Amino acid sequence: MSLFRHRRLVDRLGRGLCGLATLLALVPLVSVLVWLVSHGARGLSFALFTELPKPFGEVGGGVGQALLGTGIMVGVALLLSMPLGILAGIALAEGGKSRFVQIVRFVADVLAGAPSIAVGVFVYTAVVMPMHGFSAFAGALALAVLMLPTITRSTEELLRLVPIHLREAGLALGLPAWRVTLSVTLKSALPGVATGIMLAVARAAGETAPLLFTAFGSQYWAWNLSEPMAALPLQIFTLASSPFEAWHQQAWAAALVLVTLVLLANLGARFVTRRARGGMAL
Amino acid sequence: MMELEPAIAGPVRPIGSRSTPAPLPFPPERPRSSAKMSTDDLRAWFGTQEVLKGVTLALAERQVTAIIGPSGCGKSTFLRCLNRMHETVPGARAQGRVWLGEQDIYTVDPVVTRRRVGMVFQKPTPFPFLSIRDNVLAGLTLNRERPKHAHAVVEQALQQVGLWDEVKDRLDRPGTSLSGGQQQRLCIARALAVAPEVLLMDEPCSALDPIATARIEELIHELAGRYTMVIVTHNMQQAARVAHVTAFFYMGQLVESGATEQLFTNPKDPRTEDYLTGRFG
Amino acid sequence: MAASLNPTASTHSVADRWFRGLTVAAAAFLVLLLLAILLQLGRAALGALQVFGPVLLTGRTWDPAGATFGILPFVYGTVLTSLLALLIAAPVALGVAVYLAELAPEGAKAPVTVAVELLAAVPSIVYGLWGVFVLVPWLRDTVQPQLQTWLGFLPVFSGASIGFGVLAASLVLAVMILPTLAAISRDVLLAIPRAQREAALALGATRFEMIRDAVLPQALPGIVGAMMLGLGRALGETMAVTMVIGNRADISLSWFAPAQTMASLLANEYAEATEELHLGALAFVGLSLFAVTLLLNLGARGLVRRVAGSAARSPGGAR
């Protein structure tokens with residue numbers, strides 16, 4: 001009987017440890033969120049969104065140019081990667097189990113796991129050096145390289161969830177295969193595909209490393225793609241690395257803005273996917 | 001440590017038509033009227049859906065009881081309440097009493113009960129990462145009781161299920177290297193190796209071909225005198241072939257139970273007759 | 001003949017072929033992109049490789065001003081911080097995965113899953129910020145003095161308590177790879193068929209014994225795969241590490257000492273580098289990083305897929 005009691009003790013202990021590990025894992029998240037809110041909220045102001053950074057010593061200023069820069073570069077990256085990613089996703093979803101599909105899928109997985117800093121180096125050698133200067137375009141390109149594999153794979157997976165009978169129904173109506181793909185398969189998977197894109201955007205918006213030596217950052221309003229451009233994560237890096245208390249304050253505020261955007265995109269994406277999955281079960 | 005066959009029967013509530021079992025076609029070894037297990041107003045739910053609506057049934061010791069009925073009648077759920085597997089499904093719960101000997105199994109740790117009440121599933125479930133030998137011993141090693149004479153245990157269990165001669169030269173091969181029917185017999189051997197008092201079988205032949213099915217049925221005959229067995233089946237012929245006692249379930253309720261021959265030839269309830277003659281189910 | 005019976009057949013097939021060609025071209029572009037990255041990084045690193053040869057990899061001196069480049073300190077810093085991070089994160093992540101896959105009550109599953117996903121969604125720069133202003137002071141003022149008091153005789157816990165260094169970087173990395181490890185491990189556990197769990201329970205196993213003796217052995221290759229993917233992420237992680245590791249090209253036994261990783265080296269020096277050899281040596285660092293994560297991915301995906309595949313084939317899996 002003591003063996004049994006021992007086993008029951010081990011059972012309780014093992015399960016308890018798993019629960020404890022889960023609590024432990026959530027400590028950093030809570031800590032990050034608490035610090036973001038407690039330190040970031042104080043720095044929130046209208047000027048944060050609309051003004052340029054002020055040199056040290058002057059009060060106020062904001063990270064407006066960085067918000068704009070992130071918007072522009074992520075937008076351009078999206079324009080570059082979205083059509084390619086969706087088309088590639090269609091090729092993977094409809095290519096069956098061919099060798100080509102397996103290779104491309106593997107390549108997409110590898111690219112998705114590639115260190116973003118290495119992608120930055122690649123874009124530097126391929127674009128910045130030949131063009132003799134840092135540019136927003138190079139930054140957008142680096143972000144696009146990071147987004148492309150994510151969009152490809154999520155599109156593929158969501159297209160595969162579309163029931164085959166929907167596709168067959170389209171074909172049976174006499175529609176050509178490409179029309180069926182676009183207006184039946186892709187259309188029914190659209191909410192999910194949009195979610196995948198949203199997640200890719202959220203990830204790209206938070207990327208710093210690949211922008212360090214492509215977009216480089218800037219303290220001024222910039223609209224021109226051929227000039228260096230600021231980005232919110234880069235700006236946070238600059239602010240946090242400075243020795244000034246006031247700038248640290250602003251770094252937390254900017255980080256709060258960034259995290260709010262990223263988390264909203266993630267939560268929104270979850271919501272949309274759940275609805276889409278529920279809908280598709282019919 | 002573990003008494004294997006407590007002679008005392010639990011509180012029995014004979015139900016419906018069931019009287020002393022009539023002489024049975026086979027195996028005529030030791031017809032007994034004492035109950036090994038019995039349930040008392042057993043109810044079970046999945047979420048809010050009640051799938052067992054108060055079943056009271058006694059299971060005769062060292063006899064084979066077959067549970068038949070149309071799909072969704074609750075027969076598998078009933079079986080899974082007998083070793084508290086039902087509650088392992090998220091959202092599932094049960095209520096009522098299930099006696100094993102003198103003990104209500106819902107008052108003790110399920111681990112203890114499952115040790116005494118073995119189970120064989122619809123599909124063969126050998127552990128793919130274990131050899132044939134270790135699969136037989138899995139119940140013991142899981143219970144931290146690696147026996148001293150492991151080889152003897154393996155041989156005996158495999159002999160009991162008639163698998164020994166077929167696999168004795170390849171005990172180190174994975175359990176999954178066997179055919180479906182052999183895998184199922186391996187699972188029965190695995191269940192027997194922990195020396196249970198009761199063996200539950202949940203449609204053990206439904207994934208097997210006719211030859212493998214015949215082999216398992218033969219095995220059930222052979223084991224009948226030694227273990228209290230409960231078999232859920234959707235195959236009426238199978239029930240007629242292997243069971244001493246048959247219980248008919250319909251829509252979560254026990255309609256009637258009795259000696260197999262009597263139930264099949266002279267059912268008391270019109271619903272049983274309808275089912276047996278194929279009017280529904 | 002056929003065309004006259006079905007006059008649109010040929011136009012259909014032409015449009016279909018065009019569309020098909022377009023999608024295949026887009027897919028092929030990904031392969032070209034990967035090749036281009038490898039080729040471009042290789043070409044950029046070639047000059048430095050020709051000058052220094054294997055010393056580039058084994059040299060311990062990194063001196064841009066003196067045009068001497070050996071990346072061993074960065075390899076050491078990268079491997080040490082990543083392995084430490086894995087060592088810290090793996091047991092916790094496994095606990096989370098088991099909790100989510102096996103133990104969590106229905107009501108807790110969704111919130112915990114969302115929380116773990118959010119942990120993964122927080123950008124690297126924010127972890128860096130948190131590292132600098134929360135983690136590093138805590139390590140400096142509380143953890144490191146305590147470790148020194150009790151375990152100071154170990155060389156890894158020697159040296160001054162400055163907060164910034166290997167330990168801080170490893171902890172931040174551990175937090176960052178934990179969601180990856182936990183999520184993939186959970187998926188691997190969930191791929192093990194329910195029938196296998198029931199078989200173990202029906203034999204009288206406790207819930208924990210079922211997990212340890214019936215579920216984990218089958219999930220093991222997949223969990224190893226998850227760890228390799230986590231390791232890959234840790235190796236290439238840049239911003240948070242750069243901000244807390246102290247950035248010094250030393251090889252020190254102490255975990256309290258500042259160090260530098262390959263990624264943080266790139267973040268610190270690449271934008272300012274002008275000399276061709278310096279740029280080449282840095283490109284070599286980038287190439288090595290890329291190649292190593294590529295290999296880790298190759299192995300890891302194979303392992304994860306093997307579990308998912310064999311689970312589908314394993315007894316009771318097709319249900």
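Which residues line the largest cavity? They are A:Leu143, A:Leu146, A:Met147, A:Thr150, A:Ala200, A:Arg203, A:Ala204 and A:Glu207. Two elements of chain A, helix H6 (136–161) and helix H8 (177–205), each give two or more residues to that lining, and H6(A) has the largest share with 4 residues. Helices here are DSSP runs (H or I, at least four residues), numbered from the N terminus.

Keep in mind that this is a predicted model, where local features need pLDDT of at least 70 and side-chain atom pairs count only at pLDDT 80 or more, while totals for chains, interfaces and linings use all residues. Residues are numbered from 1 along each chain, chains are lettered from A in the order in which they are written, and side-chain values use heavy atoms, without hydrogens and water.

The whole structure has 3 cavities of 30 Å³ or more. A cavity is a set of points on a 1 Å grid over the protein atoms alone where a 1.4 Å probe fits but cannot get out, and lining residues have an atom within 4 Å of a point.

| Cavity | Volume | Lining |
|---|---|---|
| Largest | about 50 Å³ | 5 nonpolar, 1 polar and 2 charged residues |
| Second largest | about 40 Å³ | 6 nonpolar, 2 polar and 1 charged residues |

The second one is lined by chain C residues, including C:Tyr76, C:Val166 and C:Asp250.

On to cysteines: there are 0 disulfides (cysteine sulfur pairs within 2.5 Å) over all chains. For B:Cys81, the nearest cysteine sulfur belongs to B:Cys73, 13 Å away. B:Cys81 is buried (under 20% relative accessible area, 1.4 Å probe, protein chains only) at 0%. B:Cys187 has its nearest cysteine sulfur, that of B:Cys205, 12 Å away, and is buried too, at 4% relative accessibility.

Key:
Buried means under 20% relative accessible area, exposed over 50%, partly exposed in between (1.4 Å probe, protein chains only). On a 1 Å grid over the protein atoms alone, a cavity is a set of points where a 1.4 Å probe fits but cannot get out, and a pocket is an open set with protein on both sides within 12 Å along at least five of seven lines; lining residues have an atom within 4 Å of a point. Grid points are joined across faces, edges and corners, and a volume is the space filled by probe spheres set on the points. Ala, Val, Leu, Ile, Met, Phe, Trp, Tyr, Cys and Pro count as nonpolar, Asp, Glu, Lys and Arg as charged, and the others, Gly among them, as polar.
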